[in-house]
Amino acid sequence: MRPEPVFRAIIRFAVFGIICSLLVGDLSAATTYKKKKRKRVAAPAVTVTQVSVRRVKHRRARYSPWTEPTYSDSTAGDYVDGEDPTVRRAAVEALGQYNGSVVVVDPGTGRILTMVNQKLALSSGFQPCSTIKVAVALAALQEKLVERSTKIRLYGRTSMAMTDALAHSNNYYFANLGIKLGYERVNYYARLFGYGETAGLDIPGEKPGYFPPKPPKNGGVGMLTSFGEEISQTPLQLAALMSALANGGTLYYLQYPRTQQDLDGFVPRIKRQLEIQDLIREVKPGMQGAVEYGTARRARQEETIMGKTGTCSEGRTHLGWFGSFNDAGPNKLVVVVLLTGGRPSIGPMAAGVAGDVYRHLAERNYFAANHPAMTPAALVSTQICCSR
């Protein structure tokens, strides 16, 4: 016999053996499946109704990793006597059902015109996220580490100057500035601008926030200056700093008059004068750029708005910040928004809320009008109109 027929016979035998083994395996698996099926049939039946299945699916669809609710009545518990009723109404309408706080301040006097969700606004504070970048920009300019037009190389061939870095909230840029400044200088300027102390004058319940005594363990000073790591900022602290930018450098004590007597005797109180007049015009283009083409586009109005967004997570709470001021007309305002909760609680959404505050007030000709002194009748109308 020639070798080729023998070789073919061996191959055929091997193929036949493989086919047989596969058939045996399939039969064995089928037998096992039938046994298991018989066992399941023999077990006590458990009836699962369609309602219970739907409930399970409903719970899964509603699951969220965020412990703080995204929606709530943020006006609950607010004491509104003494607030400007027009501003209060605009802020409440703009915030809607979001869980958050809106603080509106007159930057020329430091008077708080409204504080929606007073419990949240007066709390111990939250991580400032990217809103800390405004203070870092001022510090770096004051120390002459950069000018507004100075481009910093970020990664690869990408470089950026301050205006676009503020507008787009670039983390690499501000981490780089933080490293150049060093913790000691960052700490000095942060405290100069009001971090770690109460912003208000004798406002019951206000907390001072927190500024870390050393660089954060997570990321060091770069994370401190790009994300605000380990800092606790209150809405009032951000409102006080925004007021100083809006008025040319005066850091006022924020005051919250609650009665007609308080309003009649109201006198602005200066905490300290910040030598930042020349620096403000260097950061304004970036803050305007944030609204015109950057992270705060939802705040855009016909009039000029300056602002800075912030988005991050603190524990299992999502945070959305926006600090802003309008830069036109006789009645300038500072509007600060903080949102807490799930995914919608982001800086751009907070900017949208602030934009609605400005829009509602513009529709009521607030920025062009002369506002009369508060009267007892107005105090009563405020309480009636501006809380849900």
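Let me start with Arg269, which sits in the loop between helix H11, 260-264, and strand S6, 270-273. This is a predicted model, so please take everything that follows as computed from it. Is Arg269 buried or exposed? Neither: at 43% relative accessibility, Arg269 counts as partly exposed, because the label of buried needs under 20% and that of exposed needs over 50%. Setting aside neighbours within four places in sequence, the contacts of Arg269 are with Leu201, Tyr252, Tyr253 and Gln255. Leu254 is 15 residues away from Arg269 along the chain, and the two C-alpha atoms are separated by 8.0 Å.

Now the chain as a whole. There are 14 helices and nine strands. Of the 388 residues in the chain, 48% are buried. If you take contacts between residues at least 6 apart in sequence, 69% of them join residues at least 24 apart.

On to the helix pairs, beginning with H3 and H13. H3 covers residues 85-95 and H13 covers residues 347-363; they pack at an angle of about 140°, and their axes are 8 Å apart. That angle makes H3 oblique to H13, since roughly antiparallel is kept for angles over 145 degrees. The crossing of these two, H3 and H13, is right-handed. Which residues of H3 and H13 make the contact? On the H3 side they are Thr86, Val87, Ala90, Ala91, Glu93, Ala94 and Leu95, and on the H13 side Val353, Asp356, Val357, His360 and Leu361. By class, the contact of H3 with H13 has eight nonpolar, two polar and two charged residues.

The second pair is H5, residues 132-142, with H7, residues 171-181. Their axes come within 10 Å and cross at roughly 45°. H5 and H7 are therefore oblique to each other as well, because 45° is neither under 35 degrees, which would be roughly parallel, nor in the range 65 to 115, which would be roughly perpendicular. Here the crossing of H5 with H7 is left-handed. H5 brings Lys133, Val136, Ala137, Ala139 and Ala140 to the contact, while H7 brings Asn171, Phe174, Leu177 and Leu181. Those residues of H5 and H7 divide into seven nonpolar, one polar and one charged.

Next, helix H8, residues 183-192. Its buried residues are Tyr183, Val186, Asn187, Tyr189 and Ala190. What covers them? The cover of the buried residues of H8 includes H5 and H7, the pair I just described, and also H9. After H8 comes Gly194, with a positive phi near 110°.

That brings me to H9, residues 220-227, and to one residue in it, Ser226. With a relative accessible area of 2%, Ser226 is buried, because that value is under 20%. Where does its side chain find a polar partner? A polar atom of the Ser226 side chain lies 2.7 Å from the backbone oxygen of Gly222. Beyond its neighbours within four places in sequence, Ser226 is in contact with Cys129, Ser130, Ile132, Lys133, Asn171, Phe174 and Ala175. Among these, Lys133 of H5 and both Asn171 and Phe174 of H7 also appear in the contact of H5 with H7.

To close, two residues to look at on the screen: Ser226, which is buried, and Arg269, which is partly exposed.

Conventions
Residues numbered from 1 in each chain as written. Predicted model: local features only at pLDDT ≥ 70, side-chain atom pairs only at ≥ 80, totals over all residues. Heavy atoms only, no water. Helix = DSSP H or I, 4+ residues; strand = E, 2+ residues; numbered from the N terminus. Buried < 20%, exposed > 50% of the residue type's maximum accessible area, 1.4 Å probe, protein only. Polar contact = N/O pair within 3.5 Å; in protein donor to acceptor, adjacent residues only side chain to side chain. Contact = heavy atoms within 4.5 Å. Axes fitted to C-alpha atoms, helices over the stretch in contact; angles between N-to-C directions. Left-handed = near helix turned anticlockwise from the far one by under 90°. Nonpolar A, V, L, I, M, F, W, Y, C, P; charged D, E, K, R; others polar.
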